[in-house]
Amino acid sequence: MTELTPRVDMEKIVSLCQRRGFIFASSEIYGGLSSCWDYGPLGVEMKRNIKHAWWRAVVQERDDMVGLDASILMHPQTWEASGHIEGFTDPLVECKNCHLRWRSDDFTDNKCSSCGGELTEPRQFNLMFKTFMGPVEDTASIVYLRPETAQGIFVNFQNVLNTTRKRLPFGIAQIGKAFRNEITTGNFIFRTREFEQMEIEFFVKPQTDKEWFDSWIEERLNWYVNLGITRENLRLRQHGPEELAHYARDCYDINYLFPMGWAELEGIANRGDFDLIQHASSSGKSLAYFDEETKQQIVPYIIEPSAGVDRSFLAFLCDAYDEEPDQEETRVLLHLHPDLAPIKVAVLPLSRREQLVTVAKQIYADLRRCWMVNYDDAQSIGRRYRRQDEIGTPFCVTVDFQSLEDNQATIRHRDTMNQIRVPISELKTTLAAKLSGERFDTQPLWTAKG
Ligand code: ATP
């Protein structure tokens, strides 16, 4: 296999994100907070679109899935039963001189990278953030910020079963924040201490776990490809026996070729019956399922596809990023799938002449009821197109003097720069069709790569 190189440098992505308001450093005016990031006006739209696309694929369009939104703070016993208090740790060493702490597996010699001082023996450091519930800060009031959303699903298994009449196999999906006091962070939004997950816990009959495991791997890979990720930039990696988490029978990572190299985008684990058994024994409540066919109580197995919203965001951006020669300059553009693009349409009057502005503003008011739409009348039309290309807006609608006579406007397609002219009264239906994949001119608007 020939070695692939990443599509784009991280600096270009970070710079685009800051320049155009996708992502800012958290608390920037105070110098930023390490590894925390804020999604700006365009970032928040794109992030919502990613979550929406995931929800649509795994909940809305399936008969065998329902959603959940559990709280971040959970009963502390949850984390004992799940094994997080005991096992969710990284080995840390401390410098005896400057007291900085490091991950012990980052070192081959016994010297602090900062001051060269001697390091202590490794100690296990729990990655869960602790806080206190209520006014008294004692051990009885310790609660944790969840390090994954999954546990909220396991503890609600019976509630969902009782209220939805779902039978096996079925799954529960959840999107939400998770927190890990990671020792090594970095690579922009790739590894942060506060992040968002999109997790599925899919409950199956024990003897069917392998086929469901395979089918979810395929399903999840296709989701990324269908939304624009180049197939050859995705790889599956099976965990070796020594790296399998304590709960997992089998696990594959979907890795993406990020700017810093191949790294995990999503993990898909076969968790067996570990979680339901643990929570049943810790809580004393039955989490079994009555199988009508065999008339027996069984404990379902769980297949868990667990994706990161922020890592998906980074992967979609990197894969969409492109630069093309444009006379003496460079056209930067994001070939984002229309479903993910933060702004779907930009309305651009050719000039600020009142008659044009009036028509353009009417179009803007009409279209924005359907989609996120930009109105832009500043600077030359060429510059305005470039501004939209750089943020991935699939279509620009231009109103010119001809529009005043023939009641038509021009739609320009981001990727091909081809243009079509349509009656203003048909703009909405035409754009709706094009945004959902209808061919633009002679070119398809968008096709899966690779
Ligand atoms: P890694 O080995 O990269 O730390 P992990 O194997 O610990 O990841 P999981 O516990 O499988 O990650 O979490 C599922 C998904 O949640 C990951 O595939 C990733 O997309 C996301 N995720 C996990 N930790 C972080 C983090 N610190 N920052 C951003 N996203 C994260």
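Which residues lie nearest the centre of the second largest pocket? In this predicted model, they are Glu329, Gly382, Arg383, Arg386 and Arg387. The lining of this pocket comprises 15 residues. Its volume is about 360 Å³. Two elements, strand E18 (329-334) and helix H11 (381-390), each supply at least two residues of the lining. The greatest contribution comes from H11, with five residues. By class, the lining of the second largest pocket holds nine charged, five polar and one nonpolar residue.

The largest pocket encloses about 1,300 Å³ of space. It is lined by 45 residues. Closest to its centre are Phe88, Arg180, Glu182, Arg191 and Glu264. Several elements each supply at least two residues of this lining. The helices among them are H4 (84-87) and H9. The strands are E4 (89-94), E10 (194-204), E12 (250-258), E13 (261-272) and E16 (301-308). Strand E13 gives the most, with six residues. The lining of the largest pocket divides into 19 charged, 14 nonpolar and 12 polar residues.

Closed space was also searched for. Across the whole structure, one cavity of 30 Å³ or more is found. The volume of the largest cavity is about 30 Å³. Ten residues were assigned to its lining, and Leu227, Gly228, Phe316, Ala320 and His335 are the closest to its centre. The lining of the largest cavity consists of five nonpolar, three polar and two charged residues.

Helix H9 (residues 309-320) takes part in two helix contacts described here, with H2 and with H1. Two packed helices are described by the angle between their axes and the distance between the axes. For helix H2 (residues 41-60) and H9, the angle is about 105 degrees and the axes are 10 Å apart. Angles of 65 to 115 degrees count as roughly perpendicular, so H2 is roughly perpendicular to H9. On the H2 side, the contact involves Gly43, Met46, Lys47, Ile50 and Lys51. On the H9 side, it involves Val309, Asp310, Ser312, Phe313, Phe316 and Leu317. The residues of this contact comprise six nonpolar, two polar and three charged. Phe316 of H9 thus appears in the contact with H2 and among the residues closest to the centre of the largest cavity.

The second contact of H9 is with helix H1 (residues 10-20). Here the axes come within 11 Å and cross at roughly 105 degrees. H1 and H9 are therefore roughly perpendicular to each other. Met10, Ile13 and Cys17 of H1 meet Leu314, Leu317 and Cys318 of H9. The contact of H1 with H9 is made by six nonpolar residues, with no polar and no charged ones. Leu317 of H9 takes part in the contact with H1 and in the contact with H2.

Two open sheets were examined. Strands of a sheet pair through backbone hydrogen bonds, either parallel or antiparallel. One sheet has five strands in the order E20-E19-E21-E22-E23, and its pairing is mixed. Strand E20 (373-375) and strand E23 (419-423) are the edge strands, each pairing on one side only. On average, neighbouring strands of this sheet are turned by 25 degrees against each other, direction ignored. Strand E19 (residues 345-349) runs parallel to E20, and three bridges join the two. Within this pair, valine 345 stands opposite valine 373 in E20.

The other sheet has three strands, ordered E5-E4-E6, with antiparallel pairing. Strand E5 (101-103) and strand E6 (123-126) stand at its edges. Each has a single partner strand, so one side of each is left without a neighbour in the sheet. Neighbouring strands of this sheet are turned by 50 degrees against each other on average, direction ignored. Three bridges connect E4 and E5 in the antiparallel sense. Glutamate 94 stands opposite arginine 101 in E5. Strand E4 also supplies at least two residues to the lining of the largest pocket.

Key
Residues numbered from 1 in each chain as written. Predicted model: local features only at pLDDT ≥ 70, side-chain atom pairs only at ≥ 80, totals over all residues. Heavy atoms only, no water. Axes fitted to C-alpha atoms, helices over the stretch in contact; angles between N-to-C directions. Helix = DSSP H or I, 4+ residues; strand = E, 2+ residues; numbered from the N terminus. Parallel < 35°, antiparallel > 145°, perpendicular 65-115°, else oblique. Contact = heavy atoms within 4.5 Å. Nonpolar A, V, L, I, M, F, W, Y, C, P; charged D, E, K, R; others polar. Pairing = 2+ DSSP bridges. 1 Å grid on protein atoms, 1.4 Å probe; cavity = no way out; pocket = protein on both sides within 12 Å on 5 of 7 lines; lining within 4 Å. Points joined across faces, edges and corners; volume = space filled by probe spheres on them.
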